[in-house]
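Q: Could you take a close look at a single part of this structure, and then show how that part sits among its surroundings? I am new to this structure, so please explain the terms as they come up.

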Amino acid sequence: MAHFFISLLTDFGYRDHYVGVMKGVIFRINPQVKIVDISHQVTPHNITEGAFLLYNVYSYFPPGTIFVAVVDPGVGSKRKPILVKTENFYFVGPDNGIFGLIYEEIKNFEVLELNNPRFFLSPVSATFQGRDIFAPVAAYLSSGVSPLEMGKAIKNFVRLPFTQPTFKKKEIQGKVIYIDGFGNLVTNIKAPDFIPSDKKQLKIKIGNKIISGLAKNYQEVEKGSLLALIGSSNFLEIAVSEGSAQKKLKGKVGDPVQVFLS
Amino acid sequence: MAHFFISLLTDFGYRDHYVGVMKGVIFRINPQVKIVDISHQVTPHNITEGAFLLYNVYSYFPPGTIFVAVVDPGVGSKRKPILVKTENFYFVGPDNGIFGLIYEEIKNFEVLELNNPRFFLSPVSATFQGRDIFAPVAAYLSSGVSPLEMGKAIKNFVRLPFTQPTFKKKEIQGKVIYIDGFGNLVTNIKAPDFIPSDKKQLKIKIGNKIISGLAKNYQEVEKGSLLALIGSSNFLEIAVSEGSAQKKLKGKVGDPVQVFLS
Amino acid sequence: MAHFFISLLTDFGYRDHYVGVMKGVIFRINPQVKIVDISHQVTPHNITEGAFLLYNVYSYFPPGTIFVAVVDPGVGSKRKPILVKTENFYFVGPDNGIFGLIYEEIKNFEVLELNNPRFFLSPVSATFQGRDIFAPVAAYLSSGVSPLEMGKAIKNFVRLPFTQPTFKKKEIQGKVIYIDGFGNLVTNIKAPDFIPSDKKQLKIKIGNKIISGLAKNYQEVEKGSLLALIGSSNFLEIAVSEGSAQKKLKGKVGDPVQVFLS
């Protein structure tokens with residue numbers, strides 16, 4: 001399996017030099033690899049959000065892609081730097097749950113603690129291991145170095161599982177887990193789990209608003225109106241046609257969302 | 001004509017996973033192509049703004065470039081997915097006017113409705129056709145698939161023409177059509193249409209301010225002062241030296257701008 | 001020395017078409033080169049900030065990299081377009097101090113004024129020389145054109161040196177020179193200059209807060225607490241564990257910071 005792509009996900013933002021430094025480090029080691037930015041605007045220190053974005057994106061990449069995910073409030077502390085090996089991909093980053101949703105979905109994987117300083121920059125700083133550990137390890141992996149030279153398998157690692165909704169007889173209790181740039185409120189209620197044969201019979205409650213039925217697309221209702229639909233990652237979403245549900249409902253991550261199946 | 005480059009313009013923002021997903025889809029189909037980001041910060045749902053940015057950028061790219069433009073509030077509704085073929089470029093996106101300024105400038109072009117699901121991801125979602133239609137179509141095009149395999153020529157498509165200023169005997173009435181990141185107010189008054197032989201004789205009015213003559217560059221006036229000049233895309237611009245005309249004038253898109261030629 | 005990489009640093013932002021236009025211009029001239037974005041969110045017109053970001057990033061890139069830095073409030077005025085040649089890198093941009101920290105660190109370098117319009121777009125605009133001069137010059141350099149064909153060596157250029165802290169017997173007086181996306185306050189006090197053998201003996205004063213000793217990483221103190229540490233570029237930084245020192249202290253660039261060595 002050739003490794004042509006290194007994909008980056010961080011909370012470093014686009015203004016600072018941090019992402020540029022990581023790219024420089026990677027290209028110094030492997031000038032041939034292609035670097036693809038996923039996002040550098042994960043909310044600072046928000047591991048759960050980073051894990052959700054990575055989960056939504058990874059499976060679309062070519063087999064062999066190496067993902068480097070650095071949302072790392074514990075950098076320089078005792079949390080381990082790790083490499084996760086799956087059938088199709090590598091994941092490189094801190095052991096803090098950033099790969100938690102990957103563990104849940106892929107099932108078959110191996111976690112290695114990165115412990116061979118030969119593949120790190122020297123000295124390793126206590127505040128920027130994206131530069132000193134994760135970027136060079138990804139670059140060496142992409143050059144063909146075996147993971148076995150880089151670390152040793154571990155059995156204990158941070159899982160950070162997905163918060164499942166509560167399923168009752170005629171009701172599902174979920175919550176908003178992500179708000180995208182359009183102001184769409186993404187919930188943890190995933191299709192096809194909750195969809196009855198007649199979609200029109202659903203009622204969705206958020207705050208003091210009740211939405212009847214699922215829309216097929218954003219333009220099925222009038223501009224400015226509230227709607228619910230199955231989003232592109234199969235999660236139930238609350239949206240506003242050509243507008244922002246976040247603004248209209250003053251929505252926040254964690255807001256409760258109920259689905260009534262009667 | 002070889003297709004080495006796919007250039008992306010969307011309103012997806014830089015934080016969400018949407019752009020990363022499109023890149024993954026493209027590279028899975030054609031790992032050799034180079035992807036170039038134009039902008040992912042088009043104001044959400046603002047087709048006119050997306051069309052203006054695309055118009056300003058496309059002609060600088062190498063012949064053969066495939067542009068994918070996704071500002072698509074009507075995604076999943078009856079609006080068609082299209083491919084526009086010109087002598088030097090391909091444009092892929094929704095039929096909603098996003099290519100309106102291209103139609104006006106290039107004149108010689110063909111529009112195809114994308115109707116062959118063989119080149120789409122399956123199933124096609126109703127909310128993210130950037131992933132399911134536009135990215136894979138662009139990737140297959142870049143791999144050498146003929147447009148004729150992908151769609152059929154259509155004659156009716158959305159044009160969304162440029163709003164021209166009104167020309168009177170000694171006066172041009174235009175408006176602000178774009179405000180850039182420096183706070184420069186870009187108008188729809190284009191050089192050389194309006195420039196008299198003596199540039200000093202021009203007067204430009206915006207709000208209750210009158211600017212005399214055209215500056216050659218931003219430093220011709222004192223720091224913090226208002227000026228007018230011909231911007232890099234040949235439109236008349238109102239600017240502030242080392243400052244923001246948007247802030248100084250509380251400028252908005254749509255604000256009227258008058259040029260007096262006396 | 002082969003030139004595989006062109007790295008871009010500008011204050012053009014990510015929404016406008018300006019960066020996309022520069023990339024188009026580069027790829028038209030040299031479709032083989034790889035373009036790497038460092039940052040396009042330098043605060044508009046802030047040359048000092050651009051110089052600091054460039055200084056922090058350049059040395060991590062592969063030898064041969066061509067850096068294009070465009071923070072250029074004086075575009076179109078008498079300020080010269082220049083090319084700086086060092087042992088390992090080229091730097092292309094305006095002569096306004098954007099390369100000031102490079103001059104201080106690298107010592108051995110040559111500055112050429114770009115005066116050969118054969119390597120510019122024509123006509124050269126007075127407001128967007130990133131497109132008309134700096135992008136094409138970088139692209140021709142990457143294609144193997146000799147710098148000597150492009151310009152002539154000059155001895156007078158803008159240096160904009162680094163503002164050094166004041167060293168007293170038991171005290172260093174510095175200031176905040178940069179605030180990163182995490183809200184970390186980066187000072188101009190650089191290690192190892194000021195570090196005594198016993199790091200615990202340091203006291204750092206900012207505003208009316210006093211911090212005792214240097215932390216090793218962000219998690220050495222409680223979440224939300226203030227700390228000081230040596231950042232990844234070896235400057236003294238004031239930070240908040242999993243939070244923002246900028247918000248907690250209402251910090252600004254220029255704020256005085258004192259280190260007491262007693």
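A: The answer below starts with a sheet, then turns to a residue, a helix and the contacts between chains.

This is a predicted model, in which local features need pLDDT of at least 70 and side-chain atom pairs count only at pLDDT 80 or more, while totals for chains, interfaces and linings use all residues. Residues are numbered from 1 along each chain as its sequence is written, and chains are lettered from A and ligands numbered from 1 in the order in which they are written.

In chain C, seven strands form an open sheet with mixed pairing, in the order β2-β1-β3-β5-β4-β6-β7. Helices (H or I, at least four residues) and strands (E, at least two) are DSSP runs numbered from the N terminus, and two strands pair if DSSP finds at least two bridges between them. The edges are β2 (34-39) and β7 (151-153) of chain C; each has a single partner strand, so one side of each has no neighbour in the sheet. On average, neighbouring strands are turned by 25° against each other, direction ignored. Axes here are lines fitted to C-alpha atoms, for helices over the stretch in contact, and angles run from 0 to 180 degrees between N-to-C directions.

Within this sheet, β4 (residues 81-86) and β6 (residues 109-114) of chain C run antiparallel and are joined by five bridges. C:Ile82 has C:Glu113 as its bridge partner in β6(C). Helix α4 (residues 129-142) of chain C packs on the sheet, touching β1 (5-10), β3 (66-70), β4, β5 (90-94) and β6 of chain C, and its direction makes about 175° with that of β3(C).

In chain B, B:Gly93 lies in strand β5 (residues 90-94). B:Gly93 counts as buried because it has 29 C-beta neighbours inside 10 Å; the cut-offs are 20 or more other C-beta atoms within 10 Å for buried, 12 or fewer for exposed, and partly exposed in between, with C-beta atoms placed from the backbone. Its contacts, leaving aside neighbours within four places in sequence, include B:Ala69, B:Ile82 and B:Phe134. A contact means C-beta atoms, placed from the backbone, within 7 Å.

In chain A, nine of the eleven residues of helix α2 (residues 47-57) are buried. These buried residues pack against β1 (5-10), β2 (34-39), β3 (66-70), α3 (100-106) and β9 (171-179) of chain A, together with α1 of chain B.

Between these two chains, 26 residues of chain B are in contact with 24 residues of chain A. Helix α1 (residues 18-29) of chain B gives the most to its side, with seven residues.
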